[in-house]
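Colleague: Could you take me through one part of this model in detail? I would like to look at the charged pairs, and then at what lies inside.

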Amino acid sequence: MSVEITFHPPLTPTLRHELITVWAAVTQAGGAVGFLPPITTAEIQPVADDMFRALEGGTQHLVVAADNGNLLGWFVLESNAMPLVRHWAWFKRLMVLPSLQGRGIGRVLTAAAIDAGRQLKLEQLYLTCRSDTGLSEYYSGLGWKEVGRMPRNLRLPDGSYRDEIYMVYDLIGSSTD
């Protein structure tokens, strides 16, 4: 498999549909990407439409991974408008098709986020992840540092709670090696 990374791909109707389809598949597989299963693409559509407007407005930056034109995964970087925080962005919605997880595509996309952050002349990237998913350990292994937690910030349908973990990647003085 050849993974091609594209920064700011044209937001065609086909790509919009594929992004939502991947989002639904990742959610159905238990991915922590803003929704809980069961989910339909119709339920994701309004949130995706907000994201598409932000992408078109330049406040979010889409990066996709594809193999021969087939979408494998994606993420967005969300910029800040306020002068005091323009030097960093949110790394959001990293998703890889469930059938392809475990093949290193997430690592390639995470490295692409770091490269994109540097291209945008940012100093830091931030992300949040849900506790008890293994994601904080995953990101720690890639050089991200935990900087805080919101205890019991996320309530799941079964009534259980998860912490929301805040992590940062310092683009100044860090390398992707």
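Modeller: A salt bridge here is a side-chain nitrogen of Lys or Arg within 4 Å of a carboxyl oxygen of Asp or Glu. Keep in mind that this is a predicted model. The structure holds six salt bridges.

Start with Asp-50. Its salt-bridge partner is Arg-53, and the closest N and O atoms are 2.3 Å apart. Both residues sit in helix H2, which covers residues 41-57. They are three residues apart, about one turn of the helix. Asp-50 is partly exposed, with a relative accessible area of 46%.

Now go to Arg-149. One salt bridge runs from Arg-149 to Glu-146, with the closest N and O atoms 2.8 Å apart. Arg-149 is partly exposed, at a relative accessible area of 39%. Glu-146 is partly exposed too, and its relative accessible area is 39%. Arg-149 also forms a salt bridge with Asp-163, where the closest N and O atoms are 3.2 Å apart. That pair links distant parts of the chain. Arg-149 belongs to strand E6 (residues 145-155), Asp-163 belongs to strand E7 (residues 161-170), and the two are 14 residues apart. Through shared partners, the salt bridges join Glu-146, Arg-149 and Asp-163 into one network.

Next, the interior. The largest nonpolar core has 26 residues. Within this core, Phe-75, Phe-91, Leu-109, Leu-125 and Trp-144 touch the most other members. Several elements each supply at least two residues: strands E2 (60-67), E3 (70-78), E4 (88-96) and E5 (124-130), helix H3 (105-119), and E7. H3 gives the most, with six residues. E7 therefore appears twice in this account: Asp-163 of the salt-bridge pair lies in E7, and E7 supplies at least two residues of the core.Look more closely at Phe-75. Leaving out residues up to four places away in sequence, Phe-75 touches His-61, Leu-62 and Val-63. Phe-75 also touches Phe-91, Lys-92, Arg-93 and Leu-94. Leu-109, Ala-112 and Ala-113 complete its list of contacts.

There is also a second, separate core, made of 22 residues. Leu-11, Met-51, Leu-55 and Leu-71 are among them.

Methods:
Residues numbered from 1 in each chain as written. Predicted model: local features only at pLDDT ≥ 70, side-chain atom pairs only at ≥ 80, totals over all residues. Heavy atoms only, no water. Helix = DSSP H or I, 4+ residues; strand = E, 2+ residues; numbered from the N terminus. Buried < 20%, exposed > 50% of the residue type's maximum accessible area, 1.4 Å probe, protein only. Core = buried A, V, L, I, M, F, W, Y, C linked by side-chain atoms within 4.5 Å. Contact = heavy atoms within 4.5 Å.
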